[in-house]
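Work through the following exercises with the sequence and the coordinates side by side. Each task is followed by a solution that proceeds in steps.

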Amino acid sequence: MPGASVVEVKTTSEPSARTPFDPESRRWLDELGARGSTRDEAVTRLHELLLRAARFEVARRRPTLPHLRGGDLDDVAFEAADDALLSILARLDDFRGLSRFTTWAYKFAIFEAGVKLRRRAWQGRELPLEPESWSLFASTGQTPSEQHELLAALQHAIADVLTPHQRQVLVALALNGIPIDVLAERLGSNRNALYKTLHDARQKLRGHLAENGLTLEMMEEGL
């Protein structure tokens with residue numbers, strides 16, 4: 001995600017301990033780990049399950065994507081199911097039995113469908129390089145003069161304190177609301193790298209503002 005990343009928290013201090021698998025989940029794992037026709041049939045059934053999940057998610061989000069046609073949406077569902085299948089087969093050892101195997105697998109398809117729909121929504125659109133709005137930082141707990149002071153300091157810090165890459169990532173994600181999957185694809189990066197860049201940018205901004213007696217917590221959650 002962007003390969004799918006579904007992490008289950010272990011419920012015991014034993015590093016290798018797992019929750020006992022229910023019979024259905026155990027059967028899925030045995031058949032997917034087998035060879036020949038047994039595995040092939042299990043993979044086919046799993047892909048059908050993932051396709052149903054992806055189609056459900058695509059249908060749920062369809063009202064927000066009026067420009068996509070039915071055929072486009074079905075393509076998205078198939079792509080999501082295909083990528084989810086590959087992710088699951090590569091992560092079978094990650095399954096800990098905290099839910100049914102089908103529930104665990106379902107999440108991969110939902111995630112992939114969401115990623116692909118976000119990318120389709122931004123396909124062919126330019127990514128804005130400058131903040132489109134500062135309104136999300138407005139706080140009812142501040143006077144206009146206090147808001148003006150903090151906004152001015154924040155704008156200065158974004159322009160002069162951050163590196164060009166940090167500024168690009170922060171403006172895109174925190175100010176302009178560009179989905180991280182879309183930005184990662186455009187920059188040839190990945191989600192983890194962008195999260196790290198965003199974290200570092202926030203830390204720089206907070207440190208700079210603190211030196212001037214200001215804090216981002218004076219405003220609504222945004223940065």
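**Exercise 1.** Decide whether His-208 is buried or exposed, and find which residues it contacts beyond its neighbours in sequence.

*Solution.* The model is a predicted one. His-208 has a relative accessible area of 18%, and because buried means under 20%, His-208 counts as buried. The residue is part of helix α8. Once neighbours within four places in sequence are set aside, His-208 is in contact with His-156, Ala-157 and Val-161.

The next step is to look back from one of these partners, Ala-157, which lies in helix α5, residues 144-160. Ala-157 is buried, its relative accessible area being 0%. With neighbours within four places again left aside, the contacts of Ala-157 are Leu-162, Leu-205 and His-208. Ala-157 and Lys-204 are separated by 47 residues in sequence, while their C-alpha atoms are 8.6 Å apart in space.

**Exercise 2.** Establish where Lys-116 lies, and which side chain its own side chain meets in a polar contact.

*Solution.* Lys-116 belongs to helix α4, which covers residues 101-122. Its relative accessibility is 10%, so Lys-116 counts as buried. The side chain of Lys-116 makes a polar contact, at 2.7 Å, with the side chain of Asp-83. If residues up to four places away in sequence are not counted, Lys-116 touches Val-76, Glu-79 and Ala-80 as well as Asp-83.

**Exercise 3.** Describe how the axes of helices α1 and α2 cross, and classify the residues of their contact.

*Solution.* Two packed helices are described by the angle between their axes and by the distance between those axes. The axes of α1 (residues 23-32) and α2 (residues 36-61) come within 8 Å and cross at roughly 125°, which makes α1 oblique to α2. On the α1 side the contact involves Trp-28, Glu-31 and Leu-32, which meet Thr-38, Arg-39, Ala-42, Val-43, Arg-45 and Leu-46 of α2. Sorted by type, the residues of this contact comprise five nonpolar, one polar and three charged.

**Exercise 4.** Characterise the aromatic pair formed by Trp-104 and Phe-108, and place the pair in its wider aromatic surroundings.

*Solution.* A pair of aromatic rings is described by the distance of the centres and the angle of the planes. A search of the whole structure yields six aromatic pairs. In the pair of Trp-104 and Phe-108 the ring centres are 5.0 Å apart and the planes stand at 75°, an edge-to-face arrangement. Because Trp-104 and Phe-108 are four residues apart in helix α4, about one helical turn separates them. Both Trp-104 and Phe-108 are buried. The two residues also belong to one aromatic cluster, together with Phe-21, Trp-28, Phe-95 and Phe-101.

**Exercise 5.** List the buried residues of helix α7, and say which helices they pack against.

*Solution.* Within α7, residues 180-187, the buried residues are Ile-180, Asp-181, Val-182, Leu-183 and Ala-184. These buried residues pack against α4, α6 (164-175) and α8 (191-211). After α7 comes Gly-188, whose phi is positive, near 65°.

**Exercise 6.** Set these local results within the chain: how many helices and strands are there, and what share of the residues is buried?

*Solution.* The chain has eight helices and zero strands. Of the 223 residues in the chain, 40% are buried. Among contacts between residues at least 6 apart in sequence, 73% join residues at least 24 apart.

Methods:
Residues numbered from 1 in each chain as written. Predicted model: local features only at pLDDT ≥ 70, side-chain atom pairs only at ≥ 80, totals over all residues. Heavy atoms only, no water. Helix = DSSP H or I, 4+ residues; strand = E, 2+ residues; numbered from the N terminus. Buried < 20%, exposed > 50% of the residue type's maximum accessible area, 1.4 Å probe, protein only. Contact = heavy atoms within 4.5 Å. Polar contact = N/O pair within 3.5 Å; in protein donor to acceptor, adjacent residues only side chain to side chain. Axes fitted to C-alpha atoms, helices over the stretch in contact; angles between N-to-C directions. Parallel < 35°, antiparallel > 145°, perpendicular 65-115°, else oblique. Nonpolar A, V, L, I, M, F, W, Y, C, P; charged D, E, K, R; others polar. Phe/Tyr/Trp six-rings, centres within 6.5 Å; stacked < 30°, edge-to-face > 60°.
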